[in-house]
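Please open the model in your viewer and keep the sequence panel visible. The tour proceeds by selections, each followed by a description of what is found there.

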Amino acid sequence: MATYSQRLVELRTEKGISQKVAALELGVSQALLSHYEKGIREFNMDFLCKVADYYGVTTDYILGRTQSRAGVDTNAFEDRDEDEIFNTRSIYRAAILTQERMHAGSAQAGDYADILYAITLYRILFAAAQKGYIPKRWFSISPKYAQYASLAVTEAHLNDFPEKTVNARRYGGPEPKSIEAVIKGIENIIRKTSGNV
């Protein structure tokens with residue numbers, strides 16, 4: 001597991017900012033932040049909470065207690081034989097692993113991935129409301145506009161998707177089987193729905 005000092009350097013580097021900028025925005029001196037990043041000094045609880053909010057990760061991630069930035073069960077990162085099967089479990093695990101990789105590779109790409117996941121979920125919720133599974137009153141924009149606007153936002157984010165900017169060192173080794181299973185599963189659905197592609 002990574003140390004808190006390694007995590008601080010990793011998160012600042014991913015964000016693409018200097019130590020001076022991070023120190024200023026976190027309200028500490030550059031010298032103090034340098035000591036934190038080198039592991040010379042330990043920070044207090046207030047700083048831990050502030051840095052977690054600043055980088056958008058959990059305190060457990062900063063402390064090196066978990067591989068998950070969002071607080072997902074660390075067992076989600078262990079590859080399983082069943083992940084080769086396209087099912088609900090592999091879909092969830094692929095989503096979690098992809099989101100974590102996107103955030104590790106580029107802060108902006110991670111933010112885009114979060115928005116795309118949220119829009120996809122919004123579209124599912126919208127369809128569920130139209131069929132009576134959840135209340136339509138939870139939606140504040142018209143059904144016709146909601147459908148087209150969500151598509152437009154999705155396309156805009158996909159077209160502007162940023163390149164990977166950081167080498168996500170902790171993701172060495174074989175690629176997770178769940179991600180490949182989802183890709184193959186969806187491609188099979190596409191082929192069945194639209195003919196052989």
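**First selection: G110**

Select G110, which is found in helix α7. Helices here are DSSP runs of H or I with at least four residues, strands are runs of E with at least two, and both are numbered from the N terminus. The model is a predicted one, in which local features need pLDDT of at least 70 and side-chain atom pairs count only at pLDDT 80 or more, whereas totals for chains, interfaces and linings use all residues. Residues are numbered from 1 along each chain as its sequence is written, and side-chain values use heavy atoms, with hydrogens and water left out.

With a relative accessibility of 0%, G110 counts as buried. The term buried means under 20% relative accessible area, exposed means over 50%, and partly exposed lies in between, with a 1.4 Å probe and protein chains only. Add K164 to the selection: its C-alpha atom is separated by 9.8 Å from that of G110, although the two residues are 54 apart along the chain.

**The whole chain**

Now display the full protein chain, which has 9 helices and 0 strands. Its pattern along the sequence reads α-α-α-α-α-α-α-α-α. Of the 197 residues in the protein chain, 36% are buried.

**The largest pocket**

Select I91, A95, L116, Y117 and T120; among the 22 lining residues of the largest pocket, these lie nearest its centre. A pocket is defined on a 1 Å grid over the protein atoms alone, as an open set of points where a 1.4 Å probe fits, with protein on both sides within 12 Å along at least five of seven lines; lining residues have an atom within 4 Å of a point. The volume of the largest pocket is about 810 Å³, a volume being the space filled by probe spheres set on the points, which are joined across faces, edges and corners.

Colour the helices α6 (88–105), α7 (107–130), α8 (143–159) and α9 (177–194) next, since each supplies at least two residues of this lining. Which classes of residue make up the lining of the largest pocket? There are 18 nonpolar, 4 polar and no charged residues. In this scheme Ala, Val, Leu, Ile, Met, Phe, Trp, Tyr, Cys and Pro count as nonpolar, Asp, Glu, Lys and Arg as charged, and the others, Gly among them, as polar.

**Aromatic pairs**

Turn to the aromatic rings, where the structure holds 7 aromatic pairs. Rings of Phe, Tyr and Trp (its six-membered ring) pair if their centres lie within 6.5 Å; planes under 30 degrees apart are stacked, over 60 edge-to-face, and the rest tilted. Select Y4 and F43: their ring centres are 5.0 Å apart and their planes stand at 85°, so the pair is edge-to-face. Because Y4 lies in α1 (residues 4–15) and F43 in the loop between α3 (30–38) and α4 (45–55), the pair ties together parts that are 39 residues apart in sequence. Y4 is buried at 17% relative accessible area, and F43 is buried at 15%.

Proceed to Y122 and F139, an edge-to-face pair with 5.5 Å from centre to centre and 70° between the planes. Y122 lies in helix α7 and F139 in the loop between α7 and α8, so this pair ties together parts that are 17 residues apart in sequence. Y122 is partly exposed at 27%, whereas F139 is buried at 16%.

Return to Y4 and add Y36, F43 and F47; these four residues form one aromatic cluster.

**Charges over rings**

Select R7 with Y61, then K15 with Y54. R7 lies over the face of Y61, at 3.8 Å from the ring centre, and K15 lies over the face of Y54, at 3.6 Å from the ring centre. The criterion is that NZ of Lys or CZ of Arg is within 6 Å of the ring centre and within 35 degrees of the ring normal.

**Helix α2**

Select helix α2 (residues 19–26), whose buried residues are Q19, A22, A23 and L26. Seen down the axis, these residues fall within an arc of 100°, so they line one face of the helix; the arc is that of the directions from the helix axis to the C-beta atoms. The face turned away from the buried side carries the exposed residues K20 and L24.

Q19 itself counts as buried at 17% relative accessibility. Its C-alpha atom is separated by 9.3 Å from that of E37, 18 residues apart along the chain.

**Last selection: K177**

Finally, select K177 in helix α9, which counts as partly exposed at 25% relative accessibility. The C-alpha atoms of K177 and E84 are separated by 5.4 Å, while the residues are 93 apart along the chain.
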